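Colleague: I'm new to reading structures, and I'd like to learn how to talk about one. Could you walk me through a few features?

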Amino acid sequence: MKNIICFIFIPIMFTVIGEFLLKFGVLGTPTGEAIGIITILTSYKIILGVALIVIAALLWIVGMSKFQLSFMYPFLSLNYVLIIVGSEIILKENVQINRYISILLIIVGLVFISRSSNQKVKE
């Protein structure tokens, strides 16, 4: 269970937090102009967001040595779930019901996958 938390759920959380930081970093920033690009590249929110996404990727790569990819990869769909829910709660975006129905289907699929055997890489 510890490996699942360290190498599946922490990378997912870091990625989601990183994506929200990227969004906050670009809000209100003029793009397409040199000053806008410089502002984006020097924003602490952008830098921290990218750093979290890179750390998540490194943890995910280590996780691939511990679990079968067919077990791990579907958990990435939690990114979609957390981003959609977070977009409505944090960013106050209007999320339509069909997206929530999709989230329900994703969660049902993840329940089936998480209960499957053969989670660990054979050594």
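Modeller: Sure, let's begin with a definition: a residue is buried under 20% relative accessible area, exposed over 50%, and partly exposed in between. Keep in mind that this is a predicted model.

Colleague: Okay, let me try that on Ser114. Is Ser114 buried, exposed or partly exposed?

Modeller: Its relative accessibility is 34%, so Ser114 counts as partly exposed. You'll find Ser114 in helix 6. Its C-alpha atom is 8.8 Å from that of Phe75, although the two residues are 39 residues apart along the chain.

Colleague: And what about Phe75, buried or exposed?

Modeller: Phe75 has a relative accessible area of 5%, so this one is buried.

Colleague: Which ring does Phe75 pair with?

Modeller: For pairs, you check how far apart the ring centres are and how the planes are tilted; planes over 60 degrees apart count as edge-to-face. Phe75 pairs with Phe9: the centres are 5.7 Å apart and the planes make an angle of 80°, so the pair is edge-to-face. Phe9 sits in helix 1 and Phe75 in the loop between helix 4 (69-72) and helix 5, so their pair ties together parts 66 residues apart in sequence. Unlike buried Phe75, Phe9 is partly exposed, at 30% relative accessible area.

Colleague: How many aromatic pairs are there?

Modeller: The count comes to 3. There's also one aromatic cluster, formed by Phe9, Phe67, Phe71 and Phe75.

Colleague: Now, helices. How do I describe two that pack together?

Modeller: Two packed helices are described by the angle between their axes and the distance between the axes. Here, take helix 1 (residues 2-26) and helix 5 (residues 77-89): their axes come within 10 Å and cross at roughly 40°. That makes helix 1 and helix 5 oblique to each other. The crossing of helix 1 past helix 5 is right-handed.

Colleague: Which residues of helix 1 and helix 5 make the contact?

Modeller: On the helix 1 side they include Phe9, Ile12, Met13 and Val16, while helix 5 brings in Leu78, Leu82, Ile83 and Gly86, among others. By type, the residues of this contact split into 8 nonpolar, 4 polar and 1 charged.

Colleague: One last thing: what should I look for in backbone angles?

Modeller: Most residues other than glycine have a negative phi. Now look at Lys92: its phi is positive, about 60°, although it is not a glycine. Lys92 lies in the loop between helix 5 and helix 6 (97-114).

Colleague: Is Lys92 buried or exposed?

Modeller: Lys92 is exposed, with 67% relative accessible area.

Terms used
Residues numbered from 1 in each chain as written. Predicted model: local features only at pLDDT ≥ 70, side-chain atom pairs only at ≥ 80, totals over all residues. Heavy atoms only, no water. Axes fitted to C-alpha atoms, helices over the stretch in contact; angles between N-to-C directions. Helix = DSSP H or I, 4+ residues; strand = E, 2+ residues; numbered from the N terminus. Parallel < 35°, antiparallel > 145°, perpendicular 65-115°, else oblique. Left-handed = near helix turned anticlockwise from the far one by under 90°. Contact = heavy atoms within 4.5 Å. Nonpolar A, V, L, I, M, F, W, Y, C, P; charged D, E, K, R; others polar. Buried < 20%, exposed > 50% of the residue type's maximum accessible area, 1.4 Å probe, protein only. Phe/Tyr/Trp six-rings, centres within 6.5 Å; stacked < 30°, edge-to-face > 60°.
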